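Dear colleague,

I am handing over the structure below, together with an account of what turned up when its ligand site, pockets and cavities were examined. Please read the text alongside the model.

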Amino acid sequence: MTDHHQTALSPVPLAGRTLKNRLAVAPMTRVTASDDGNATEMMARYYERFAIGGFGLVITEGIYTDRAHSQGYLNQPGLTDDGQANAWKPVVKGIQRHGAAAFAQLMHAGGISQGNRFRHFNVAPSATQPKGEQMAFYRGEGRYPVPQEISVEQIDEAIDGFASAAVRAVDLSGFDGIEIHGANGYLLDQFLTSYTNSRDDKYGGPIANRIRMTLEVISAVRAAVGSKVPLGVRISQGKVNDFHHKWEGGEKDAEVVFGSLADSGVDYIHVTEFEAWKPAFGSGLSLAQYAKKFAPNTTILANGSLHDAERAEQVLNSGIDLVTLGRGALANPDFPMRYAQSIAQRDFNPSILGPLANIKETELEM
Ligand SMILES: Cc1cc2nc3c(=O)[nH]c(=O)nc-3n(C[C@H](O)[C@H](O)[C@H](O)COP(=O)(O)O)c2cc1C
């Protein structure tokens, strides 16, 4: 039997490789790239700390994938040309040098882009004004503009963008794996969500249609990078502009979403909720447990307020394969080492992310 305390620190297989433990850094946008979207030396130092601190896997911030509508934020890094791909090399090497794996999160902001140097209007499944307000810590202000409805041709271009960015990430930057951002209110989640998708073509209507674009992105990325590259997808109910959204079909929606992702060829599903262990629909299983139930042969990563190590252990001991930490990793880039040595974890200090969410020199001293 596994020592209860040690589950988080035990190795885990993922897509034919072995990660040294079950603690991963969650993707976090820090808008610290150059104006033209190149990863910077400061980012390399920032990411390396997590690997030095013992995390087995580091997932990058969301990286934009094309020079059309994918960019969400000014100073967000991209993977749209060889220059941007090469700029990631030192970041990836810094992570790998300490025995951690580096996965690139690929993201299309869709209707909630608030900073795109290529285009001056947004596209989304439907021309509906997004809920909520732009995020000030990413230089946004006021409501999101009304997006244009994305055409089928533009959908194909966006899918190509994900595939090309994935190839650059693996072949040029040297990333060990790819995560497709299907969560948190960005383009793929806008398709999944009924109130931002009123299309009457094959991408709209029942949930089996609303998950279609995510499945097409997965299939295109898989075809482009081949069967050996670890590939995952992130899924949520809540959104950066609508924290409390719930899938209206509850468990039935979970069955369609996770069942179709299980068949899609992804190696892992990364489920994020505000509190990962709570029932997803008021009662019953957590969203991560639904993922495990409907995708039993797929590796499941759970995220959401798991910086209490006891809680993380409980989630892992309930059959979830890895946990990812956002704020817990910002406060403790050395979370796994502290845990192994029973050193108290620091509390997260939100002032790190103000007034802008860019990486601060003071963090790099931690
Ligand atoms: C500053 C910041 C930036 C984030 N950027 C991203 C992102 O680029 N992609 C993503 O999927 N999630 C992003 N998230 C969400 C985190 O991955 C994570 O889901 C969230 O912080 C909740 O996990 P936690 O309770 O461990 O902090 C971000 C969170 C924070 C705090």
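A cavity, in the sense used here, is a set of grid points where a 1.4 Å probe fits but cannot get out, and a volume is the space filled by probe spheres set on the points. Please keep in mind throughout that this is a predicted model.

With that meaning, the second largest cavity has a volume of about 70 Å³. Its lining is made up of Asp66, Ala68, His69, His108, Arg119, Val123, Ile150, Gln154, Glu157 and Ala158, and these divide by class into four nonpolar, three polar and three charged residues. Helix H4, which covers residues 152-173, gives the largest share of the lining of this second largest cavity, namely three residues.

The count of cavities of 30 Å³ or more comes to three, and the largest cavity has a volume of about 100 Å³. Around the largest cavity there are 17 lining residues, and those that lie nearest its centre are Ile112, Pro130, Gln190, Thr196 and Asn241. Sorted by class, the lining of the largest cavity holds six nonpolar, eight polar and three charged residues.

Turning to the open spaces, which of them does the ligand take up? The space taken by the ligand is the largest pocket, and the volume of the largest pocket is about 1,300 Å³. Of the 45 residues that line the largest pocket, Asn184, Val240, Thr272, Asn303 and Arg327 are the closest to its centre. Strand E5 (101-107), strand E9 (231-236), strand E12 (322-325) and helix H11 (327-331) each supply at least two residues of this lining, and the largest share, three residues, comes from H11. By class, the lining of the largest pocket has 19 nonpolar, 18 polar and eight charged residues.

The ligand itself has 18 residues around it, of which Pro27, Thr29, Asn303, Ser305 and Arg327 come nearest. Asn303 and Arg327 therefore appear in two lists, being among the residues that come nearest to the ligand and among those closest to the centre of the largest pocket, where a lining residue is one with an atom within 4 Å of a grid point. In the shell around the ligand there are six nonpolar, ten polar and two charged residues.

Which side chains place a polar atom by an oxygen atom of the ligand, and at what distance? For Thr29, a polar side-chain atom lies 2.5 Å from a ligand oxygen; for His181, an N or O atom of the side chain is 2.9 Å from an oxygen atom of the ligand; and for Thr272, the corresponding distance from a side-chain N or O atom to a ligand oxygen is 3.4 Å. As for the cover given to the ligand, it exposes 620 Å² when taken alone, and the protein buries 87% of that area.

There remains the second largest pocket, in which about 240 Å³ of space lies. It is lined by 15 residues, and the closest to its centre are His307, Asp308, Ala309, Gln345 and Arg346. Helix H10 (309-317) and H11 each supply at least two residues of the lining of the second largest pocket, and H11 also contributes to the lining of the largest pocket. By class, the lining of the second largest pocket has five nonpolar, five polar and five charged residues.

With kind regards

Technical notes
Residues are numbered from 1 along each chain as its sequence is written. This is a predicted model: local features need pLDDT of at least 70, side-chain atom pairs count only at pLDDT 80 or more; totals for chains, interfaces and linings use all residues. Side-chain values use heavy atoms; hydrogens and water are left out. A residue is near a molecule or strand if one of its heavy atoms lies within 4 Å of it. A polar contact is a pair of N or O atoms within 3.5 Å; within protein, one must be able to donate a hydrogen and the other to accept it, and residues adjacent in sequence count only if both atoms are side-chain atoms. Accessible areas come from the Shrake-Rupley method with a 1.4 Å probe; for residues, only the protein chains shown count as cover. On a 1 Å grid over the protein atoms alone, a cavity is a set of points where a 1.4 Å probe fits but cannot get out, and a pocket is an open set with protein on both sides within 12 Å along at least five of seven lines; lining residues have an atom within 4 Å of a point. A molecule sits in a cavity or pocket if more than half of its atoms lie within 2 Å of its grid points. Ala, Val, Leu, Ile, Met, Phe, Trp, Tyr, Cys and Pro count as nonpolar, Asp, Glu, Lys and Arg as charged, and the others, Gly among them, as polar. Helices (H or I, at least four residues) and strands (E, at least two) are DSSP runs, numbered from the N terminus.
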